[in-house]
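Have a look at the sequence and the 3D structure below. We'll wander through the strands and then end up at the ligand.

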Amino acid sequence: MNVLLIRADETKAWRSALRRHLPEADVYVWGEDDVDKADIDYACVWKPEPGLLATFPNLKGIYNLGAGVDALLQDETLPRDVPLVRLVDPMLSSGMVEYVVHGVLHFHRDMHFYAGQQKAKNWTQHLNANTQKRGVGILGLGELGQDCAHALLMLGFENIAGWSRTEKELPGIQSFAGEDGLNQFLQHSEILVNLLPATKATHRLLNRDTLSKLPKGAFVINAGRGTTVNDDDLIETLNNGQVAAAMLDVFNTEPLPQDHPYWSMNNLILTPHIASLTTPMTAAEIITKGLRDLEDGNTPDNLVDIEQGY
Ligand code: GLV
């Protein structure tokens with residue numbers, strides 16, 4: 001099989017990881033090797049130039065080298081009849097768990113206050129909130145959301161709720177779904193974690209109306225996608241205290257523009273989309289299984305439902 005890697009960075013590491021795990025394949029790198037487009041069976045991609053994938057006439061599968069396929073689905077020319085698989089990698093999940101647990105503990109243990117106090121040489125102790133009762137809400141209960149919920153449960157957070165498109169049965173987690181469920185879920189969420197994918201249904205889901213349903217002084221962690229947030233509304237709620245502070249890893253425009261108001265807000269922690277990064281070493285093994293399944297005519301794990309957007 002002929003596999004083409006299309007991504008802008010770390011092509012050397014990806015090429016060698018794919019070669020090691022897929023010895024039966026010829027691996028080509030877009031932009032580095034001479035490629036006859038008609039020979040390519042599978043494309044492993046991260047944010048390819050829009051229009052490019054449509055120019056390969058014999059593609060049998062597209063493997064997205066990340067969890068979110070939103071960038072691909074924005075490409076109107078994407079060949080919709082070619083199976084599209086997204087990466088679900090335990091390493092991606094563990095990176096996300098670390099990020100989310102860090103953020104939840106940061107806000108839960110008042111570190112946002114202490115950072116300000118340190119600057120003012122202010123020695124004031126705040127009573128710790130009750131971990132068992134702290135209302136944590138996770139928007140999006142897929143693999144990543146469930147792993148984060150389990151890690152928080154292990155730390156003693158017993159008041160965790162999750163919201164997803166369809167209700168999930170998960171021990172120890174209150175599951176909400178649909179619009180009615182969303183209101184109840186928001187009222188519960190003193191610390192709100194967004195892990196939703198970017199789809200039509202999640203676009204600007206966090207806006208003035210929904211943010212105002214959170215308990216006053218709530219915290220927001222966004223490690224899903226920037227498009228879920230209405231930035232002006234989040235800024236307004238951060239300025240009026242409805243949202244006390246937020247930690248954001250993903251943005252409507254990335255890199256975050258230099259003149260964006262987020263940069264200079266004291267009650268924001270910003271990170272450059274690093275919550276969970278794909279590493280070639282672990283990912284290549286998973287991708288190999290998916291490509292072999294496609295080649296053998298089996299349905300691979302994590303085949304994308306194009307209509308749903310994930
Ligand atoms: C990263 O954001 C991913 O979708 O894997």
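G137 stands opposite L192 in β9. β9 is a strand covering residues 191–194, and 4 bridges join it to β6, with the two running parallel. Strands here are DSSP runs of E with at least two residues, helices are runs of H or I with at least four residues, and both are numbered from the N terminus. Two strands pair if DSSP finds at least two bridges between them. Before we go on: this is a predicted model, in which local features need pLDDT of at least 70 and side-chain atom pairs count only at pLDDT 80 or more, while totals for chains, interfaces and linings use all residues. Residues are numbered from 1 along each chain as its sequence is written, and side-chain values use heavy atoms, leaving out hydrogens and water.

Back to strand β6, which spans residues 136–139. What does β6 pair with besides β9? With strand β7 (residues 160–164), in the parallel sense over 4 bridges. On that side, I138 stands opposite G162 in β7. The chain gets there by way of helix α5 (residues 143–154), and β6, α5 and β7 together make a right-handed β-α-β unit. Right-handed says that, with the strands pointing away from the viewer, the path from the first strand over the helix to the second runs clockwise. Both faces of β6 are covered, too: V136 and I138 on one side and G137 and L139 on the other are all buried. Buried means under 20% relative accessible area, exposed means over 50%, and partly exposed is in between, using a 1.4 Å probe and protein chains only.

Now hop over to β3, which has strands on hand to pair with as well. Strand β1 (residues 2–6) and β3 pair in the parallel sense over 4 bridges, and L4 stands opposite A43 in β3. Another 4 bridges join β3 to strand β4 (residues 61–64), again running parallel, and there C44 stands opposite Y63. Are the faces of β3 covered or exposed? Both are covered, with Y42 and C44 on one side and A43 and V45 on the other, all buried.

Just before that strand, D39 is found in the loop between β2 (26–29) and β3 (42–45). D39 is partly exposed, with a relative accessible area of 42%. If you look for S94 from there, it is 55 residues away in sequence and 36 Å away in space, C-alpha to C-alpha. G95, in helix α3 (residues 90–108), is buried, at 14% relative accessible area. G95 and T278 are 183 residues apart in sequence, yet their C-alpha atoms are 9.2 Å apart in space.

Further along the chain, β11 is mostly covered, since 5 of its 6 residues are buried. Strand β10 (residues 218–222) is joined to β11 by 5 bridges, and the two run parallel. F219 stands opposite A245 in β11. From β10 the chain crosses through helix α8 (residues 231–239) to β11, in a right-handed β-α-β crossover. β11 is also joined to β12 by 3 bridges, running parallel, and the bridge partner of M247 in β12 is I269.

A few backbone details deserve a stop. The peptide bond from E254 to P255 is cis, with omega near -10 degrees, and P255 sits in the loop between β11 (243–248) and β12 (268–270). R204, in the loop between β9 and α7 (208–211), has a phi near 55 degrees, a positive value in a residue other than glycine. R204 counts as partly exposed, at 30% relative accessibility.

H273 also has a positive phi, near 50 degrees. H273 lies in the loop between β12 and α9 (280–295) and is partly exposed, with a relative accessible area of 22%.

H273 leads us to the ligand. Which residues are around the ligand? They are W46, G66, A67, G68, R225 and H273, where being near takes a heavy atom within 4 Å. A polar side-chain atom of H273 lies 2.6 Å from an oxygen atom of the ligand. A backbone N or O atom of A67 is also 2.6 Å from a ligand oxygen, and an N or O atom in the side chain of R225 is 2.7 Å from an oxygen atom of the ligand. Taken alone, the ligand exposes 190 Å², and the protein buries 88% of that, with areas from the Shrake-Rupley method and a 1.4 Å probe.

Terms used. Polar contact = N/O pair within 3.5 Å; in protein donor to acceptor, adjacent residues only side chain to side chain.
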